[in-house]
Amino acid sequence: MKQPWIHKAKTDLIFIIGPSFFVLVFIFLFQKYITTIENKYSFYTWLFLIVFIDVAHVYATLFKTYFVTDEFKKNRKRLLLLPAICFAIGLVLFSFGSLIFWSFLAYVAVFHFIRQQYGFMRLYSRIEEKTKFSVAIDNLAIYASTGYPMLYWFFSPERKFNWFVENEFFRFQNAFLLEILFWIYIIIMLVYTIYTGYKSITQQFFNVPKNAIILGTELSWYFGIVYFNDDLIFTLLNVVSHGIPYMALVYFREIENKSNIDSGVFSYLKRYNAILIYVLILLVIAFMEEFLWEVLVWNENISLTTFDFSSWQFLIVPLLTVPQFTHYLLDGFIWKSKKV
């Protein structure tokens with residue numbers, strides 16, 4: 001039985017499975033320099049991690065939806081209505097206060113990040129012979145790998161990082177509950193390991209990419225949230241492990257596989273170096289969005305005006321989050337329609 005790579009072994013290992021492991025190696029090699037990097041090069045870490053990966057990956061969705069003529073025609077109502085709905089929800093939530101707005105978006109983001117790892121796990125298990133038990137064990141493993149670190153965040157002492165803003169999550173410090181959750185987590189991962197070993201021996205097949213994606217998810221979420229308590233480390237593991245695999249998946253499945261399409265954006269990608277054009281489009285759009293965030297809202301890394309936009313935040317913030325919010329919701333639909 002062949003390994004169920006999404007694209008090819010080399011590219012999957014580098015761009016989809018590898019980022020979690022590469023970042024962990026970097027963190028352990030340069031751990032004592034993390035604080036220096038965070039303090040001295042904060043602009044560049046923001047530019048590379050937040051703008052060029054986190055924000056850019058949101059716009060990769062365009063290459064599976066709005067930029068694809070057939071997909072846009074087929075899902076026209078959804079693709080036009082969803083941004084408007086996201087904006088309306090944002091306006092309502094922000095009217096109750098910015099913390100309510102950011103808390104809601106943070107919970108949606110966490111769910112989206114967890115579901116992406118679940119999605120990759122399911123893609124890599126697509127050729128396996130499935131039973132209710134095997135599916136349940138796989139699901140428990142991926143949800144424990146992501147769910148336990150988040151529950152640790154909610155019930156542990158103060159963490160030195162946020163998803164979006166301070167105090168965005170409900171928190172209730174409880175050491176006893178954490179102890180119970182830890183042992184449940186350990187038991188689930190042990191059961192998964194034993195069952196995987198047994199299945200691999202009896203079926204004489206070890207699913208490399210599926211088990212690697214589960215291991216990478218487990219390590220990146222545990223070390224990013226539980227083991228380390230550092231803002232840059234959390235951002236590195238959270239952003240790189242999520243954004244790069246997503247952009248790679250879209251490129252492999254929606255651009256390389258559309259080499260025969262002559263219309264729209266894909267005609268330009270066909271004519272020139274597709275990967276460079278793809279990356280350039282994402283980086284330019286991402287920088288434009290984040291430039292607006294900086295000038296109109298944050299004023300942390302870029303500030304070009306002394307005009308006070310604070311009275312317009314109720315409109316500006318929900319509007320600027322529309323691409324991100326839409327990406328979170330669209331992602332729950334667009335990968336279900338086709339087999340990868």
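How much space lies in the second largest cavity? About 90 Å³. The model behind this value is predicted. This report covers cavities, the largest pocket and two helix pairs.

## The second largest cavity

Eleven names need not be learned at once, so take the lining in parts. Four aromatic or aliphatic names come up: Trp153, Phe161, Val165 and Phe169 are among the residues that line the second largest cavity. Glu158, Arg159, Glu166, Glu168 and Arg171 also line this cavity. Asn162 and Asn167 are in the lining too.

By class, the lining of the second largest cavity has 4 nonpolar, 2 polar and 5 charged residues.

## The largest cavity

The structure holds 5 cavities of 30 Å³ or more. The largest cavity has a volume of about 100 Å³. Its lining includes Phe113, Gln117, Ser220, Trp221, Gly224 and Ile225. Phe234, Leu237, Asn238, Ser241 and His242 belong to the lining as well.

Which elements give two or more residues to this lining? They are helix 6, helix 9 and helix 10. Helix 10 gives the most, with 5 residues. By class, the lining of the largest cavity has 5 nonpolar and 6 polar residues, and no charged ones.

## Helix 6 against helix 9

Helix 6 covers residues 98–124, and helix 9 covers residues 208–227. The two pack at an angle of about 160 degrees. Angles over 145 degrees count as roughly antiparallel. Helix 6 and helix 9 are therefore roughly antiparallel to each other. Their axes lie 8 Å apart. Helix 6 passes helix 9 in a left-handed crossing.

Which residues make the contact? Helix 6 supplies Phe113, Ile114, Gln117, Phe120, Met121 and Tyr124. Helix 9 supplies Pro209, Lys210, Ile213, Ile214, Thr217 and Trp221. By class, this contact has 9 nonpolar, 2 polar and 1 charged residues. Some names return from the section above: Phe113, Gln117 and Trp221 take part in this contact, and Phe113, Gln117 and Trp221 also line the largest cavity.

## Helix 5 against helix 14

Helix 5 covers residues 76–95. Helix 14 covers residues 322–334. Helix 5 and helix 14 pack at an angle of about 130 degrees, and their axes are 9 Å apart. Are the two helices roughly antiparallel or oblique? Helix 5 and helix 14 are oblique to each other, because 130 degrees is not over 145 and falls outside the other named ranges. The crossing of this pair is right-handed.

On the helix 5 side, the contact uses Arg78, Leu79, Leu82, Pro83, Cys86, Phe87 and Ile89. On the helix 14 side, Val322, Phe325, Thr326, Leu329, Leu330 and Phe333 take part. The contact has 11 nonpolar, 1 polar and 1 charged residues.

## The largest pocket

The largest pocket has a volume of about 1,000 Å³. How many residues line the largest pocket? There are 32. Trp46, Ile50, Trp163, Phe164 and Glu300 lie nearest its centre.

Several helices share the lining. Helix 3 (42–59), helix 6, helix 10 (231–255), helix 12 (274–298) and helix 14 each supply at least two residues. Helix 3 gives the most, with 9 residues. By class, the lining of the largest pocket has 17 nonpolar, 7 polar and 8 charged residues.

Definitions and conventions
Residues are numbered from 1 along each chain as its sequence is written. This is a predicted model: local features need pLDDT of at least 70, side-chain atom pairs count only at pLDDT 80 or more; totals for chains, interfaces and linings use all residues. Side-chain values use heavy atoms; hydrogens and water are left out. Axes are lines fitted to C-alpha atoms, for helices over the stretch in contact, and angles run from 0 to 180 degrees between N-to-C directions. Helices (H or I, at least four residues) and strands (E, at least two) are DSSP runs, numbered from the N terminus. Angles under 35 degrees count as roughly parallel, over 145 as roughly antiparallel, 65 to 115 as roughly perpendicular and the rest as oblique. A crossing is left-handed if the near helix is turned anticlockwise from the far one by less than a right angle, and right-handed if clockwise. Contact means heavy atoms within 4.5 Å. Ala, Val, Leu, Ile, Met, Phe, Trp, Tyr, Cys and Pro count as nonpolar, Asp, Glu, Lys and Arg as charged, and the others, Gly among them, as polar. On a 1 Å grid over the protein atoms alone, a cavity is a set of points where a 1.4 Å probe fits but cannot get out, and a pocket is an open set with protein on both sides within 12 Å along at least five of seven lines; lining residues have an atom within 4 Å of a point. Grid points are joined across faces, edges and corners, and a volume is the space filled by probe spheres set on the points.
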